[in-house]
Amino acid sequence: MAKRSVALFLLLTSCGHPSGVMTPVSISSSTPPTSRVDMLVATTREPSGNPATLFNGERSSKPHLTQISVSIPAKREAGTVQWPKRLPPDPATDFAVTNVQQIDTIAQGRVWFRQHVNGGHALVFIHGFNNTYEDSVFRLAQIVHDSKMQATPLLFTWPSRAEIVAYEYDKESTNYSRTALEQALRTLAADPNVKDITVMAHSMGTWLAMESLRQMGIRDGHVNSKIHNVILASPDIDIQVFAKQFVEMGEPRPKFTIFVSQDDKALAFSSFLTGRVSRLGAINPAEEPYTSKLEKAGITAIDLTKVKTNDKLNHGKFAESPEIVQLIGQRLMTGQTLTDSKVTLGQGITAVIGGTAANIGTVAATAVAAPVAIIEQPVTRTRPPRSANETLDGDLKQQPLTQ
C-alpha cells in the first residue's frame, strides 16, 4: 500500500522542463516586448561551478548572494511559468535569465537594493520542498510579475536536492539554513532604505521561515518591527509545533496569513511520512477548534480548497491562481482587510478572520471533516490520533521548565 502511494506521488510530481536555464541570454531588437523582474538571491546552496545552474542542492558553509534578472514573455497565461522546451530559452516565448552578477559584500547588496527600491517595501520569498535553484528563481519572478506587487523581491533559496526521495535531506537543510535566513532578515531590516518586510514562504519553506523568526524572537524578545507580514502558503508544519513556534517568537508579532487546502496531496504525503501528523496547510479553518484558535492568535486563514488550478498536487494554488496571487500582491502585503466589498474572488474562497468565516468568493466553502487521506489510500493507524483541541490547548502560552 505504501509503495503504491509513493509510486503515485512520484508520477504526479514528475516534470519535464529542461535544466540549466541560468546562463544569461540576450534580447534582440526583433523580440516582442517583454517584462523584466530583477531580484536579489541569497542562498545556502553550494556553487555548482556551472553557469547554467549556478548552485546545486548540496550545503555550503558560506552563504552566497547573486543579482538576477528574468525576462517574462508578453503572451502567457497568468499563474504559469513558461519553461523553455529547448535551450537556450527564447525570450519571445519563455522565461529567460538576462543578467547574473555575483555580489560579494553587504555594501554591494545595499547598493543593489537602493537602485531597485520600490517604496521601501521588500518581499522575501522562501521556496518549498523539491525545488532546484532555477525552480525558485522562476517561481518568484512569476509571483512578482503576476501579483503586480509594489515591492523589491528577494529570494532565499536553501539546499534542496529536488528529489522526492530526499524529503528528510531537504527538511534537515531547512534547519541548516535557519540562522542564515535570520541573518539575512536582520541585514535587510538594518538597511535604512527598507521601510517594511513581507516574508512569504511555501510548503517546507514555511518551516524554515518559522524557525528563523522564532530564533529572532528568542534572541531579541520579539521579531524585528520592520517585518510587518508573514504569509505561509501550504505550510508543511506539524500543527502543534507551529503553535509553539508562534508563541516563542514573542510579542509584538507580524500579521500572519496562512493559505490552506484540504485537497493538498503533497501535504497528505508529508503527513504519511511524518506518522500521520496533521499539517497546518491541510486544516479546515472554518471548523473548531481551529476557528477559535486562529481568532485567539490573530491569524487570518484563507481556504483554497475550492480553487482549481493546473497543479496536479493542489499544492501551489497560491501562485498558480491569478486571483490569489494578485490578492497577495495588492492586499495582503499592504495590510488591507479582506472583508470589504472590493474583494471579489470567483471560486468560492473563505477567509477565517477574527474567528469569523467570511465568504470572499461567490460560493461558500464546504466543510471537510479531516485532511485528505494519503493520495486517497487508506492507512492503518496503530493508535488513535490526539484531537487538535487537546494538542493545541497547552501550546498557546509559554511554559516554564519547572514550577
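**Close-up 1. Asn131 and its neighbours in the loop between S4 and H3.** Let us start at Asn131, which in this predicted model sits in the loop that links strand S4 to helix H3. With a relative accessible area of 18%, Asn131 is buried, because that value falls under the 20% cut-off. Which residues does Asn131 touch, leaving aside those up to four places away in sequence? They are Arg45, Ser136, Ser160 and Ala162. One of these neighbours, Ala162, returns in the next view.

**Close-up 2. Ala162, a residue with positive phi in the loop between S5 and H4.** Here we look at the loop that leads from strand S5 to helix H4 (167-189), where Ala162 lies. Its phi is near 55°, a positive value in a residue other than glycine. As background, most residues other than glycine have a negative phi. Is Ala162 buried or partly exposed? Ala162 has 26% relative accessibility, so it counts as partly exposed. Ala162 is also among the residues touched by Asn131.

**Close-up 3. Strand S5, buried along its residues 152-157.** How many of the 6 residues of S5 are buried? The count is 6 of the 6, so the strand is largely enclosed by the rest of the structure. Thr152, Leu154 and Phe156 point one way from the strand, while Pro153, Leu155 and Thr157 point the other way. Residues of both sets are buried.

**Close-up 4. S5 and its parallel partners S1 and S4.** Strand S1 (residues 34-47) runs parallel to S5, and 4 bridges join the two. Within this pairing, Thr43 has Thr157 of S5 as its bridge partner. Strand S4 (residues 121-126) is likewise parallel to S5, joined to it by 5 bridges. Which residue of S5 is the bridge partner of Leu123? That partner is Pro153. Add helix H3 (residues 133-147) to the view, and S4, H3 and S5 make a right-handed β-α-β unit.

**Close-up 5. Helices H5 and H6 where they cross.** Two packed helices are described by the angle between their axes and the distance between the axes. For H5 (residues 205-220) and H6 (residues 239-248), the axes come within 8 Å and cross at roughly 35°. The crossing of H5 past H6 is left-handed. H5 contributes Trp207, Met210, Glu211, Arg214, Gly217 and Ile218 to the contact, and H6 contributes Val241, Phe242, Gln245, Phe246 and Glu248. By type, the residues of this contact divide into 6 nonpolar, 2 polar and 3 charged.

**Close-up 6. Helix H10 and what covers it.** Which residues of H10 (residues 322-330) are buried? They are Ile324, Val325, Leu327, Ile328 and Gly329. Helices H3 and H9 are among the elements that cover these residues. The cover also includes strands S6 (196-202), S7 (227-233), S8 (255-260) and S9. H3 is familiar from the β-α-β unit it makes with S4 and S5.

**Close-up 7. Lys306 in the loop between S9 and H9.** The loop shown here runs between strand S9 (300-303) and helix H9 (317-320), and Lys306 lies in it. Lys306 has a relative accessible area of 28% and is partly exposed. How far is the C-alpha atom of Lys306 from that of Asp263? The two atoms are separated by 8.8 Å, while the residues are 43 residues apart along the chain.

**Close-up 8. Two cis peptide bonds and a positive phi.** As a reminder, most peptide bonds are trans. The bond from Leu87 to Pro88 is cis, with omega near -5°; Pro88 is in the loop between strand S2 (55-73) and strand S3 (96-103). Another cis bond joins Glu288 to Pro289, with omega near 10°, and Pro289 lies in the loop between helix H7 (265-273) and helix H8 (290-297). The view closes with Leu54, a residue other than glycine whose phi is positive, near 70°. Leu54 is found in the loop between S1 and S2 and, at 13% relative accessibility, counts as buried.

**Overview. The chain behind these views.** The chain holds 11 helices and 11 strands. Of its 403 residues, 54% are buried. Among contacts in the chain with a separation of 6 or more, 77% involve residues 24 or more positions apart.

Methods
Residues numbered from 1 in each chain as written. Predicted model: local features only at pLDDT ≥ 70, side-chain atom pairs only at ≥ 80, totals over all residues. Heavy atoms only, no water. Axes fitted to C-alpha atoms, helices over the stretch in contact; angles between N-to-C directions. Left-handed = near helix turned anticlockwise from the far one by under 90°. Contact = heavy atoms within 4.5 Å. Nonpolar A, V, L, I, M, F, W, Y, C, P; charged D, E, K, R; others polar. Buried < 20%, exposed > 50% of the residue type's maximum accessible area, 1.4 Å probe, protein only. Pairing = 2+ DSSP bridges. Right-handed = clockwise from strand over helix to strand, strands pointing away.
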